Each structure stands twice: as C-alpha cells, then as structure tokens.
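Visitor: I'm new to reading protein models, and I'd like to learn how to look at one. Could you walk me through it, feature by feature?

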Amino acid sequence: MSKVFHATSVGKVRKNNEDALIFIEPDTFVVADGMGGAAAGEIASRMLVETVEDFLPSVPKPWHEDILQKAILKANAAILRTARSNESYRGMGTTATILHLYDGRAYFAHVGDSRLYRLRNNLLEQITEDHSYVEDLVRRGRLTPEEARVHPLKNLLTQAVGVVEEITVDTASFSVAAGDIYLLCTDGLTNMVSDRAIAEILSRSASPVDELIDAALQNGGHDNISAIVVAV
Ligand code: CA
C-alpha cells in the first residue's frame, strides 16, 4: 500500500490559484499549472485534470504511457477548442504531469515544467525534463543549472497543453522499488525550494507535502504551489 499526500496553496503573492491536481484513487496522480490572462489559466488546468479524470477510467488498466499520452492529447484538443471559441480564453494553456503506479511499474506522461521526482536510496532524481527555454539552454551547455534558476526567462515554456494542435508528450515507464517516494509538483515549489531541501524533507517527514509547501511559503511563495507525494 502506498501513502499519498497532496495539497495546493495559492501562495503569498497571487490572487488566484491556477494549479489543479487530482488523485484518481488508488494509483494515479495528476498536476497541472495553468497560464493565461484573467481566469483563463484556472480554466485550462481544470479542463486538463477533468479530461484526464473522465478518460482514464474508461480504459482498462494498466494505463500505459501511450494511454496517458492520449489523455493529454484529448485535453489539448478540448482546451484549444474552448480557447478558440472565447476571446477571453485565447492563448490559455497548462502543464500536465501524470503518474500511474500499477503492478510494480510506474508510467508517466508530461508536458511543460511541472515535475516528477523520485527519491530512491536517499537520492533525489528529476525524472521529467522541463519543456522550457532555459532548460533547452542547459541541455545545450549554454547555461548552468544555477544560472537557469535565476534567469529572467525561466518561466518561458517551449510547450504547453492547449496552445497549438501539435504537441510532443514525453512518456516513459520504469520499475518501482519498495521504499520509492514520488513527488509531482508545480514550479511554485521548485522555483522556491532547492532540490537538496526537497530531498531532505521527503526523506524524513511524516507530512511531506505540508512541509514542502511551508518551505515554499517561507521562501517567498511567489507563485501557486502544488505537490503530490506518494510513498510506496
Ligand atoms: Ca506556476
């Protein structure tokens, strides 16, 4: 049996919470971080989680990565359709990170800069790669990870769900080990709290999500903060 913790906070600066998260019991986890003017970001992230929550249970398990990808592509089409039908929603979009744990395997699908991490043997590993401008520069050796953290364009995404017809969803699967701890989170956490501090909290805390959110708030809480922790 896994232990699951999840929470979201509006943070200390913003008025709206454009993050959305869902736990499809007992084994599937989704985070989405919306963007767009007015309330559009909230609409986009909510449409993402609702589309995923409608679609996945209609398919037999395990929900392989191609099924998770299909859920994101359905949300992409739905959000685009809504954005095009309403001027005030134009340009809205959302990140999407989905994790499904089934029969000793982990399946994930991902677009944007919300992240999936795995803590195994006290080592924290970022499983997803951010679809962001600064991450592209880091991969090409043009920026160091430290420079990327404080870059003025660090919020610029190269991909999001619901903005264009064609998106590339990153997917993979791997074996789960007893004792693994998984974290799905939005950038309101990772921009405020270092990987080192995240690893420290995950490895010892009995209420890891509350502590992660507290740490992000203490460091400024500039953005909405969402986290799901699954301890296998
Ligand atoms: Ca955010």
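Visitor: Let me start at the surface. Is L156 buried, partly exposed or exposed?

Guide: Keep in mind that this is a predicted model. To read exposure, look at the relative accessible area: buried means under 20%, exposed means over 50%, and partly exposed is in between. L156 has a relative accessible area of 43%, so it is partly exposed. You'll find L156 in the loop between α4 (145-149) and β9 (170-175).

Visitor: Which residues form a nonpolar patch on the surface with L156?

Guide: Y133 and L153 join L156 there, and the patch has about 250 Å² of accessible area together.

Visitor: Okay, now the inside. Which residues touch the most other members of the largest nonpolar core?

Guide: A nonpolar core is a set of buried nonpolar residues joined through their side chains. In this model the largest one has 33 residues, and the ones touching the most other members are L48, V52, L56, I72, I79, M92 and V161. Several elements give two or more residues to this core, including the strands β2 (19-24) and β3 (28-35) and the helices α1 (40-55) and α2 (65-85). There is also a second, separate core of 20 residues, with I181, C185, I213 and I225 among them.

Visitor: Let me zoom in on V161. Leaving aside neighbours within four places in sequence, what is V161 in contact with?

Guide: The list is L48, I72, A75, N76, I79, G93, T94, A96, V111 and I167.

Visitor: And T190, is it buried or exposed?

Guide: T190 is buried, with a relative accessible area of 4%. T190 is found in helix α5. If you skip neighbours within four places in sequence, T190 is in contact with R115, Y117, R149, C185 and I198.

Visitor: Next, the metal. Which residues coordinate the calcium ion?

Guide: For a metal, look for the donor atoms around it. Here D33 is listed with two OD atoms, and D187 and D223 with one OD each, at 2.3 to 3.1 Å. Water is not among the atoms, so the site may look incomplete. Along the chain, the donors follow the spacing D-x153-D-x35-D.

Visitor: Why does the pair D187 and D223 tie together separate parts?

Guide: D187 lies in helix α5 (residues 187-190) and D223 in the loop between α7 (208-218) and β11 (225-231), so the pair links parts that are 36 residues apart in sequence. As for exposure, D187 is buried at 7% relative accessible area, and D223 is buried too, at 13%.

Visitor: What about charged side chains? How many salt bridges does the structure hold?

Guide: The general idea is that side chains of opposite charge can pair when their charged atoms come close. This structure holds 12 salt bridges. One of them joins D180 and R120, at 2.7 Å from N to O. D180 is in the loop between β9 and β10 (181-185) and R120 is in strand β7, so this pair ties together parts 60 residues apart in sequence. D180 is buried, at 0% relative accessibility, while R120 is partly exposed, at 24%.

Visitor: Which residues do salt bridges with shared partners join into one network?

Guide: Look at R139. Its side chain meets that of E129 in a salt bridge (3.5 Å, N to O), and that of E135 in another (4.0 Å, N to O). R139 and E135 are four residues apart in helix α3, which means they are separated by about one helical turn. Salt bridges that share partners join E129, E135, D136 and R139 into one network.

Visitor: Last one, the backbone. Which peptide bond leading to P26 is cis?

Guide: Check omega: a cis peptide bond has omega near 0°, and the bond from E25 to P26 is a case. P26 lies in the loop between β2 and β3. The bond from K61 to P62 is also cis, and P62 is in the loop between α1 and α2.

Visitor: And where does phi turn up positive in D103 and what is its value?

Guide: D103 has a positive phi of about 55° although it is not a glycine. D103 lies in the loop between β5 and β6, and is exposed at 73% relative accessible area. N122 has a positive phi as well, near 65°. N122 sits in the loop between β7 (115-120) and β8 (123-126), and counts as exposed, at 59%.

Definitions and conventions
Residues numbered from 1 in each chain as written. Predicted model: local features only at pLDDT ≥ 70, side-chain atom pairs only at ≥ 80, totals over all residues. Heavy atoms only, no water. Donors = N, O, S within 2.8 Å, 3.2 Å for Na, K, Ca; no water. Buried < 20%, exposed > 50% of the residue type's maximum accessible area, 1.4 Å probe, protein only. Core = buried A, V, L, I, M, F, W, Y, C linked by side-chain atoms within 4.5 Å. Contact = heavy atoms within 4.5 Å. Patch = residues over 30% accessible without salt bridge, like charges linked within 9 Å, V, L, I, M, F, W, Y side chains within 5 Å. Areas by Shrake-Rupley, 256 points an atom, 1.4 Å probe, with all protein chains shown as cover.
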